[in-house]
Amino acid sequence: MAKIKIAEDFHENESGVTGQYKNWFLDYASYVILERAVPAVEDGLKPVQRRILHSMKEMDDGRFNKVANIIGQSMAYHPHGDASIGEALVNMGQKDLLIDTQGNWGNINTGDDAAASRYIEARLSKFALEVAFNPKTTEWQLSYDGRKNEPVTLPMKFPLLLAHGAEGIAVGLATKILPHNFIELCEAAIKYLKNKKFELYPDFQTGGMIDITNYNDGKRGGKVRVRVHIEELDKKTLIIKDVPYGVTTPQLIDSIIKANDQGKIKIRKVTDNTATVVEIQVDLAPGISPDITIDALYAFTDCEVSISPNACVISDQKPQFLGVRELLTLSVDHTKDLLKKELEIRLAELQEKWHYTSLEKIFFEEKIYKELEKKHETWEKVLTAIAKAFEPFRKQLKRDITREDIIKLTEKPVRRIYRLDIDELNAQIKGLEGDMKQVRHDLANLVDFTIAYYDNLLKKYGKGRERKTEIKLFEAIQAQQVAIANVKLYVNRSEGFIGTGLKKDEFVADCSDLDDIIAFTKGGKMKVVKVADKAFIGKDIIHVAVFRKNDERTTYNMIYVDGKSGVSYAKRFNVTGVTRDREYDLAKEDPKSRVHYFSANANGEAEVVRVILSPNSSARTKEFDFYFETLEVKNRSSLGNQVTKYPIRNIKFKEAGKSTLSGRKLWFDATFGRLNTEEKGEYLGSFDGEEKLLVIYSDGSYEITDTELTQRFDAEKIVEIRKFDPEKIITAIYLDNEKLQFNVKRFKIETTTLHNKFLFIKEGEGNRLEAVTLHPQPIAVIKSGRGAQAKTQKIKIADFVEVTGWKTVGTKLFDFSKSVEVEWGHKEEAKESPQTELDL
């Protein structure tokens with residue numbers, strides 16, 4: 001019986017502990033969510049932030065206070081240590097919105113900490129005092145120890161949550177709201193009040209660029225990509241001008257060094273020159289392309305980061321997931337309600353003041369004060385006599401006269417009463433009536449009053465708060481295309497292995513550890529594998545190379561024998577896409593099938609080979625030439641064209657052929673400043689072999705470049721980009737600011753150096769390119785004067801300007817005037833179109 005009793009007690013205790021654990025955990029989770037990690041939707045503040053601001057308001061006298069003192073004052077409301085209060089205070093101070101700071105408050109760019117709290121000072125900003133405090137509209141509650149009152153939420157009349165942003169991790173959920181621009185928030189609030197559509201996108205103090213394509217209104221599942229600005233100082237040096245949101249300069253530099261150590265980029269050194277602004281200098285290794293390095297920095301370092309917002313707020317004492325537009329509309333509606341309350345309170349105060357001033361006027365004007373001089377038996381009878389004296393005038397008032405009103409009148413010093421000027425009282429009453437009329441008008445037109453409120457915030461506090469983060473579409477960077485070759489690839493042909501660890505075998509090429517490798521065997525098999533230390537392909541490997549997906553120009557020429565029939569076939573094919581590690585049959589699937597001849601041609605070349613048949617064959621002609629140009633490029637699984645039915649002894653390369661492919665069609669996408677083959681942007685033409693591009697810039701320089709797709713162009717500075725023809729004549733009109741005249745020149749490009757800019761206008765401060773054309777017979781249209789004095793003149797440039805060298809100053813065309821406009825009067829030559837080429 002004793003054992004049964006103990007067991008029962010044990011189970012009862014176990015059940016009790018389990019129940020207590022569940023309750024305690026739920027209480028803890030609720031506390032962390034509601035009281036620590038997640039901001040309230042009403043004022044956008046977490047409890048610690050609200051308590052700090054309330055404490056600062058209590059201490060506010062217009063002067064700075066030591067942060068240590070503010071922390072001490074806040075601890076009367078916040079049941080946690082000084083460290084969490086100090087950290088929250090510094091974080092708000094660095095936002096530069098609600099708090100004016102003095103001293104070393106750290107640096108958000110470098111991650112440097114603020115000085116100790118005893119050395120730095122703070123006070124509420126004028127903006128905070130205007131938008132965040134009003135004891136008359138504040139709901140109060142007892143502090144944690146019951147000694148003081150603290151606000152449930154501050155009466156915030158601004159979308160602070162969206163301006164500051166918020167981040168917190170609670171039990172079972174997290175919040176991450178990105179900061180937005182002050183001016184754009186006010187403008188969006190006005191648009192909402194006017195029933196107009198609005199958009200809101202993040203803006204960071206750290207600057208940079210942001211791609212908001214997948215922002216998803218800041219909701220769960222959304223994502224933004226943030227990049228730094230990288231400038232090309234010269235061909236050997238890059239300058240990073242900012243840091244992504246949430247990343248510091250040491251973290252950014254560490255990520256660059258790590259990428260270099262892993263061989264993904266090649267740099268000589270990184271120097272942190274950050275002072276008041278971010279400046280990180282990246283010195284490139286010799287022979288490394290700056291354009292490819294910029295892409296690689298975005299692909300492999302913290303120069304680009306992805307941020308996933310998750311807007312969670314406390315609303316109605318529970319967490320809710322909302323979008324930023326909904327958060328703004330809730331804030332604006334809340335602000336409108338607060339303004340309405342303030343107006344109603346103001347109206348009640350004015351009415352009370354009007355009532356008392358009117359009483360005072362009657363008290364003086366009708367000499368009711370003389371009741372104080374009469375000898376009444378008791379004080380109550382004095383009050384009753386005064387109340388009776390007011391009886392004839394009660395209709396002039398807007399509410400009944402109370403005992404408190406009469407007592408207040410009698411408490412005024414008699415000397416003050418005798419000195420009252422009735423005209424002054426009348427003026428006061430008139431002013432109060434005007435104020436009440438205005439307040440009633442504002443209440444009747446509450447939306448317009450709220451719009452004016454936001455307009456006023458913009459005018460008073462909007463200066464210097466312009467957007468810092470540039471909104472921009474980011475191009476997709478293929479990591480494989482920009483990764484630096486950091487490993488060496490080897491092959492053991494007979495055993496059928498490839499890999500980076502076969503250092504005693506045949507060297508194939510330098511490649512990146514992100515690359516895919518394509519390999520072909522004598523048995524007509526093909527496989528694509530990831531770069532690895534050692535990978536098996538199949539015995540008798542005949543070709544190994546780095547594989548480029550969607551490459552439609554690399555063409556494989558092959559002659560093979562069908563093991564079953566003995567017939568030899570030839571075919572040409574591309575490999576644009578495959579399943580990694582899968583084996584593909586290029587010859588007929590038979591163990592006796594063999595490849596006689598194989599070549600890989602980067603630009604679709606079709607060679608001539610000499611086919612030598614077996615001397616024992618019955619063929620009359622034992623040797624003949626085979627021309628691959630007679631074959632069409634087909635699918636890799638195609639059978640091919642029959643070469644011979646007789647056994648082949650050998651096939652020898654005889655003569656290199658020309659490309660059978662049409663030129664590579666290129667487009668220029670001005671959105672990203674990139675060349676592409678995906679038909680995005682302006683069509684530039686079909687480019688063969690060594691054909692180049694001519695780029696003319698707005699600063700009066702030109703550049704000849706190749707057609708490498710990894711190049712980056714500053715599209716905003718480009719005035720002309722087209723296929724380079726050395727015989728084309730360029731006509732340029734530019735301003736010579738020193739002589740205050742426009743010059744014109746015609747020249748052919750004589751330079752051959754690639755990727756170097758050459759200034760073709762006169763060098764000097766204020767000189768600028770006005771117009772440029774490659775038309776053979778250019779006509780300049782000069783418009784001068786305004787209104788009735790306007791004149792238009794057409795000039796055939798080729799009639800009086802000779803073709804000279806690109807360095808010449810040129811010929812004077814006309815004098816400079818601010819009212820002069822220059823444009824071309826000829827029709828520009830139509831550029832090639834891909835459709836025209838197809839028709840031809």
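This report covers strand β41 and its partners, a three-stranded sheet, and residue D217.

The structure is a predicted model, in which local features need pLDDT of at least 70, side-chain atom pairs count only at pLDDT 80 or more, and totals for chains, interfaces and linings use all residues. Residues are numbered from 1 along each chain as its sequence is written, and side-chain values use heavy atoms, with hydrogens and water left out.

**Strand β41 and its partners**

Helices (H or I, at least four residues) and strands (E, at least two) are DSSP runs, numbered from the N terminus. Buried means under 20% relative accessible area, exposed over 50%, and partly exposed in between (1.4 Å probe, protein chains only). Strand β41 spans residues 741-747, and seven of the seven are buried, so the strand is largely enclosed by the rest of the structure. Q741, N743, K745 and F747 point one way from β41, while F742, V744 and R746 point the other way.

Two strands count as paired if DSSP finds at least two bridges between them. In general, strands of a sheet pair through backbone hydrogen bonds, either parallel or antiparallel. The pairings of β41 with β40, β46 and β47 are listed below, each with one residue pair.

| Partner of β41 | Residues | Bridges | Sense | Residue pair |
|---|---|---|---|---|
| β40 | 730-736 | seven | antiparallel | I730 opposite F747 |
| β46 | 803-804 | two | parallel | F747 with T804 |
| β47 | 811-815 | four | antiparallel | V744 with T811 |

F747 thus appears twice: this residue stands opposite I730 of β40, and its bridge partner in β46 is T804. β40 and β41 also form a hairpin with four residues between the strands, where L740 takes a positive phi near 50 degrees.

**The sheet β45-β44-β48**

Three strands form an open sheet in the order β45-β44-β48, with antiparallel pairing. β45 (791-796) and β48 (821-824) are the edge strands, each pairing on one side only. Neighbouring strands of this sheet are turned by 20 degrees against each other on average, direction ignored; axes are lines fitted to C-alpha atoms, for helices over the stretch in contact, and angles run from 0 to 180 degrees between N-to-C directions. Strand β44 (residues 779-784) is joined to β48 by four bridges, and K783 stands opposite E821 in β48.

**Residue D217**

D217 lies in the loop between β8 (209-211) and β9 (224-227). With a relative accessible area of 14%, D217 is buried. Leaving aside neighbours within four places in sequence, D217 is in contact (heavy atoms within 4.5 Å) with G323, V324 and R325. The side chain of D217 also makes a polar contact with the side chain of R325 at 3.1 Å. A polar contact is a pair of N or O atoms within 3.5 Å; within protein, one must be able to donate a hydrogen and the other to accept it, and residues adjacent in sequence count only if both atoms are side-chain atoms.
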